[in-house]
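Okay, thanks everyone, I'll keep this short. Let me put the thing up on the screen and then walk you through a few bits of it.

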Amino acid sequence: MAENTYLIRGAAILGGEAEDLLIRDGMIEARGKDLAAEGATVIDAAGLVALPGMVDVHTHLREPGREDAETVETGTRAAALGGFTAVHAMANSNPVADTAGVVEQVHSLGRASGWVDVRPVGAVTVGLAGEQLAELGAMADSRAQVRMFSDDGICVHDPVIMRRALEYVKAFDGVVAQHAQEPRLTAGAQMNEGTVSAVLGLTGWPAVAEESIIARDVLLTQHVGSRLHVCHVSTAGSVEIVRWAKARGINVTAEVTPHHLLLTDELVRSYDPVYKVNPPLRTDADVQALREGLADGTIDVVGTDHAPHPSEHKECEWAQAAMGMTGLETALSVVQETMIETGLMSWADFARVTSFTPAVIGRVADQGRPLEVGEPANVILVDPAARWTVDPHKMATMGRNSPFKGKELPGSVVATFFKGHPTVLDGKLNTPYRYPAVSSN
Amino acid sequence: MKHLLSTENLSAFDAIRVLDTAEEMSAVGEREVKKLPALRGRTVVNLFFEDSTRTRISFEAAAKRLSADVINFAAKGSSVSKGESLKDTAQTLAAMGADAVVIRHWASGAPHRLAATDWIDAAVINAGDGTHEHPTQALLDAFTMRRHWSRVNGTESTGADLRGMRVAIAGDVLHSRVARSNVWLLKTLGAEVTLVAPPTLLPIGVEHWPCKVSYDLDQTLEAGIDAMMMLRVQGERMNASFFPSTREYSRRWGFDDARLRALDDLGMKDTIIMHPGPMNRGLEISSAAADSPRSTVLAQVRNGVSVRMAALYLLLSGDSRGAASNVSQSSKETN
């Protein structure tokens, strides 16, 4: 069926040599030079880079509960446009994704939308309250097949609860994704504590509040022999601690957001809440350490922490504003700007930190696979020579809170293939993938 | 100057212009009829999201002496969940035709938001925002210091700065907008500043400020100072372990009777004692010190009106916002 057959002509595979990719019925059927078109739809990819579809380990889709901020439909449209073929939907919805029922709802919404794989993250504790473990096993066994658990937005600060969670998820190969923030050290915190906060008179969020939790958690992880993922690492000290833990053989992975790779707390001097985020923007020394950590593998993955908010939550005083930034549609460009244009990473490294490793951490089958014959066709085409100016009003996400507004960034997503279907063509949304009718959904 | 948001970005030229204008305004206050027609027909809104009777009446007196119409808007308790947002409040004031908004807000940066957004086009004066800045307080403090310093040196105060003056500021620097505004302005005017506080009440990053930092008030006094400014300390801070008890605070960092005597013993006959008010007598300052001839507390209040008159005058009828251009602007709008 020609409808399901695409021939990508002459794309630089992972930034390497230009080759053709033949996609048929959701799979990569052939790879090589001068493949025959065989009635396939031909896509001229000269000058483009072919990469595995990006996998976000950290996305806030807001549904259920805050459909005024984002829905699964709008969030996954944004994801597809940003080059993603899978996202992990964080658990801080309303109701919280702390039961099999809620994670199955989010999973079903994702399949109905059909833009990317939506992998629900389950809450670690009931209602994110940090007191009692949620039914992690029920969520793992549900149709959503949850493997990543997180109270993201709130730290699992009680060391006993954290220990139990780490132990318990071993039963089903789960991972606890920790939002590392010591709550007592960050009461009322508004921004990074340092030179800028001193001048602005905003309550500081000290680096030690992140680092002390990471230090505790890697030791707990070692003690109980489990698997830990550290969300949005933001400080140079955190990079050092993760590096130390990995050297000791502790099974820890770490994530960095695009905004922490590019922006610093100097931006807060404007008091514009678009720069308010948790963990906060840090210093230039932290930015450099995060880039080095990502380049040398200390930090395993890029996670967007895409956090859309309705405009009224940002059009106010700094202290009143919600924390968070959108990121799905700018992630690729920001990582290109900060890691590739700087010579710190290649496109093959990019594929590792945005696709291969995130899929392994989230245990997402069929994602983050090499672009080889017989593999699922989750593929994106990127124009690395493109330059564009960020305009939040032109984005698919409902959130207008992009800190990159007005910035010129390199790289654009030309096409996204999800399960062999082009969800994005010519840089625009095409049509969603439709699951076969026999599906249980 | 379109707005007065902070002293951090206030140039020496603008600062001295405000102080010199305040000298002229002060002369008006000595007259039998304490009123100028300068801002007749202009509307000044005092927008207070936090109680501060002293600051509000000072601005109110300043605006009225310049013949402006004054509207007091107490928006206390306003928040996103309850009541009106800052944006709606600002747009309401804009619709009413406010020419200047004097804003006091518990949130650091709220005046910057008003000035940076298109919610309102009025001149914005920061009357104290959170723990950020209180620029008119620093200007009135500098005005008070400059008069004193000129008298001591036998020079003319108009046009002068504070070069060579040694100023110590003691108290809760961490939570003080007065301290921040004073540090920047005094540096700009050439004074040497020493902050004295318990380490818990100094912000991380204070080492980058253009001043010295000391934990020892007595050593600072012995080193010699020309002005001693005490900051208000909230007794409740001890509940958050910023210091063990009010008594211990008072012993180590309070300006008590013994330290008042020390000024005499050390031969510092011209050293003044300042306080932005309201004072916690017996905590950061003893009654004897507050009421001594060295105290400038009431002069500061008096000078506050002059300095705020100067700020309102310069923002509303100075340079770019001259009366003529405003008239032509409003006639355009009627077309």
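So, the contact between the chains: 24 residues of chain B are in contact with 18 residues of chain A. Keep in mind that this is a predicted model. On the chain B side, the elements giving two or more residues are α3 (86-95), α4 (110-116) and α6 (177-188). The largest share there comes from α4(B), with four residues. And what's that side of chain B made of? By class, you've got eight nonpolar, 11 polar and five charged residues.

Okay, on to the sheet in chain B. That one is open, has four strands in the order β2-β1-β3-β4, and the pairing is parallel. The edges are β2 (69-74) and β4 (123-129) of chain B, each pairing on one side only. If you ignore direction, neighbouring strands in this sheet are turned by 15° against each other on average. Now look at β1, residues 43-48, and β3, residues 100-105, both in chain B: they pair in the parallel sense over five bridges. One to click on is B:Val45, whose bridge partner in β3(B) is B:Val101.

B:Val101 also turns up in the largest nonpolar core, which has 239 residues. Among the members touching the most others are B:Val101, B:Ala100 and, from the other chain, A:Ala50 and A:Phe149. Helix α11 of chain B, residues 297-317, gives the most to this core, with 10 residues.

Last stop, B:Ala100. Leaving out neighbours within four places in sequence, B:Ala100 is in contact with residues including B:Val44, B:Ala122, B:Ile125 and B:Leu312.

Notes: Residues numbered from 1 in each chain as written. Chains lettered and ligands numbered in written order. Predicted model: local features only at pLDDT ≥ 70, side-chain atom pairs only at ≥ 80, totals over all residues. Contact = placed C-beta atoms within 7 Å. Nonpolar A, V, L, I, M, F, W, Y, C, P; charged D, E, K, R; others polar. Pairing = 2+ DSSP bridges. Axes fitted to C-alpha atoms, helices over the stretch in contact; angles between N-to-C directions. Core = buried A, V, L, I, M, F, W, Y, C linked by C-beta atoms within 7 Å. Buried ≥ 20, exposed ≤ 12 C-beta atoms within 10 Å, placed from the backbone.
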